[in-house]
Amino acid sequence: MKTKLLLFFLLANFTFYSQTPDVPSYLPTNGLLFYYPFNGNANDASGNNINANPKNLTLTSDRFGNSNAAYSFNGTSSSIDAYLANYPQNNNSRTITGWFKANTPVNSSEFDFCLVNYGAAADSFKISLYLKGYLDVSFGDQFFSSQKNFLNNQWTFFAMTFDDNTDIFSLYINNALELTGKINSFPQGFSDICSIGKNNSNNYFEGDIDDIGLWNRALTSAELSAIYNAQKPLILYTSIPDSNFEQKLIELGIDSGVVDGKVLTANIANVKTLNVSSNNINNLAGIEGFTALENLYCSGNQLMSLNISSNKNLKHLDCQNNTIYNLDVSKNTLLVNLYCQDNKLSSL
C-alpha cells in the first residue's frame, strides 16, 4: 500500500510540474495567473487555461509589426473578460502589465476609456485613460491621475503593482514610476473578474492592446524592466501560398484576419482533423506544419501533387477526385484508411 501511495504522489507531482507554460523567457512565471500575448486569439499562454472571452475585436499588428498579434478595440463594444473564480489567488497583492496604443477617440463620446477593470463591484480597481490623455488609477473611491497625455498613437507599456502587506500601489509607464500611493480602503479586493477594454460602467477603450499579464504578487522593478526591455519575440509562421487553402483555414478559425499567405505555426501544430474538401485548392503546401494531423480530407479539389511526408501521425487520408499524379505514403506508417480514387496516379 505504501508503495502504491508513493507512486501515486510521484505521478501527481510529475503531472503538475510537467505543465510547461508557453511564455517568453523574460516573463516571470512565479505567481503568474494568466498571460495573453494575443497571437491570433485570446487564449491564456501561462498554462493555467484561463482563456479569455473576446467580444467585437479585430486582430492588428503588435508593437514589433507582427500581424495578427494584438487586438484593436472599437471604443463602443469591444472587450475581453477573464474569470478566475476557480483558480487560487492566494492574497490581494497583484501586478498587471500590458501595452496599449491610443489616439484621440473618434467612435466614443465618453470621457473615460478603460484599459483594465478588476472586480464586479462598482468600487473595484481600474486603470483608464481620461479624454485629455491622462492615465488614471482608481481603487474604490480613491483616485490617482498622471496628468500627462498618453493619447499619442504610440505603443506604451504600463505596469501596476499592489503590495497587500504595505497597501502601496505603484504605476509604471514605459518603465518609469509614474504614480504611487497608499490605499486607505479597498474592501472589494480584486475579486474574480478581470475585464480588458471596458469597466463596469461600460466605458470602452478605443485603440490597441497587447501582452496583458496578471500576477498574484508585486513584481520587482528588475522583473518589470526585463518585461519592458524584451526584444522582438520570435513568432513562427507557416507559408500558405494557395489563397483558397488559407481562406478555408480562416473559415475554420485556424487562421484569422485577411489572406496574407501565412498562418501562425502555433495555430496549426495541434490540429488533428482538417477538412478542406471541395474548395478549388490547387496547392496544399503548408500541410507539413500540421504535425499532429490524424485525419485529412482534401477531396474534390484541383491538386496535382500532395506531400504528406511530414504528417507522421496521419491515420486517415481522403484525397480522391483530384488530379494527383504521384502519391508517396511511405512515411505515413500509421495510415489505416486511404481513399485516392479518381486521380491520375501513375505511382503509389
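This is a short walk through the aromatic pairs and one sheet of a predicted model.

**Stop one: the Phe100 and Phe205 rings**

There are 14 aromatic pairs to find in this structure. Start by selecting Phe100 and Phe205, whose rings meet edge-to-face, with 6.4 Å from centre to centre and 85° between the planes. Now colour by secondary structure and see where each one comes from. Phe100 belongs to strand β6 (residues 94–101), while Phe205 sits in the loop between β14 (193–196) and β15 (206–215), so this pair ties together parts 105 residues apart in sequence.

Switch on a surface next. Are these two rings buried or exposed? Phe100 has a relative accessible area of 0%, so it is buried. Phe205 comes out at 1% relative accessibility and counts as buried too, because the cut-off for that is under 20%.

**Stop two: Phe125 and its cluster**

Keep the surface up and jump to Phe125 and Phe139. This aromatic pair is tilted, with the centres 4.9 Å apart and 45° between the planes. Phe125 is in strand β8 (residues 125–130) and Phe139 is in strand β9 (residues 135–139), and the two are 14 residues apart. Phe125 is buried at 0% relative accessibility, and Phe139 is buried as well, with a relative accessible area of 0%.

Which residues join these two in one aromatic cluster? Add Phe144, Phe162 and Phe169 to your selection, and you have the cluster along with Phe125 and Phe139.

**Stop three: the sheet**

Hide the side chains and go to cartoon view. Trace the open sheet of 7 strands in the order β2-β5-β14-β7-β8-β9-β10; the pairing is antiparallel. Look at its two edges: β2 (53–55) and β10 (142–145) each have a single partner strand, so one side of each has no neighbour in the sheet. Turn the view to look along the sheet and you can follow the twist, which averages 20° from one strand to the next.

Zoom in on the β10 edge. How many bridges join β9 to β10? There are 4, and the two strands run antiparallel. Bring the side chains back here and pick Val137, which stands opposite Phe144 in β10. That takes you back to a familiar ring, since Phe144 is one of the members of the aromatic cluster from stop two.

**Last stop: a charge over a ring**

Finish with Tyr237 and Lys262. What sits over the ring of Tyr237? Show both as sticks: the charged end of Lys262 is there, 4.2 Å from the ring centre.

Notes:
Residues are numbered from 1 along each chain as its sequence is written. This is a predicted model: local features need pLDDT of at least 70, side-chain atom pairs count only at pLDDT 80 or more; totals for chains, interfaces and linings use all residues. Side-chain values use heavy atoms; hydrogens and water are left out. Rings of Phe, Tyr and Trp (its six-membered ring) pair if their centres lie within 6.5 Å; planes under 30 degrees apart count as stacked, over 60 as edge-to-face and the rest as tilted. Buried means under 20% relative accessible area, exposed over 50%, partly exposed in between (1.4 Å probe, protein chains only). A charge sits over a ring if NZ of Lys or CZ of Arg is within 6 Å of the ring centre and within 35 degrees of the ring normal. Two strands pair if DSSP finds at least two bridges between them. Axes are lines fitted to C-alpha atoms, for helices over the stretch in contact, and angles run from 0 to 180 degrees between N-to-C directions.
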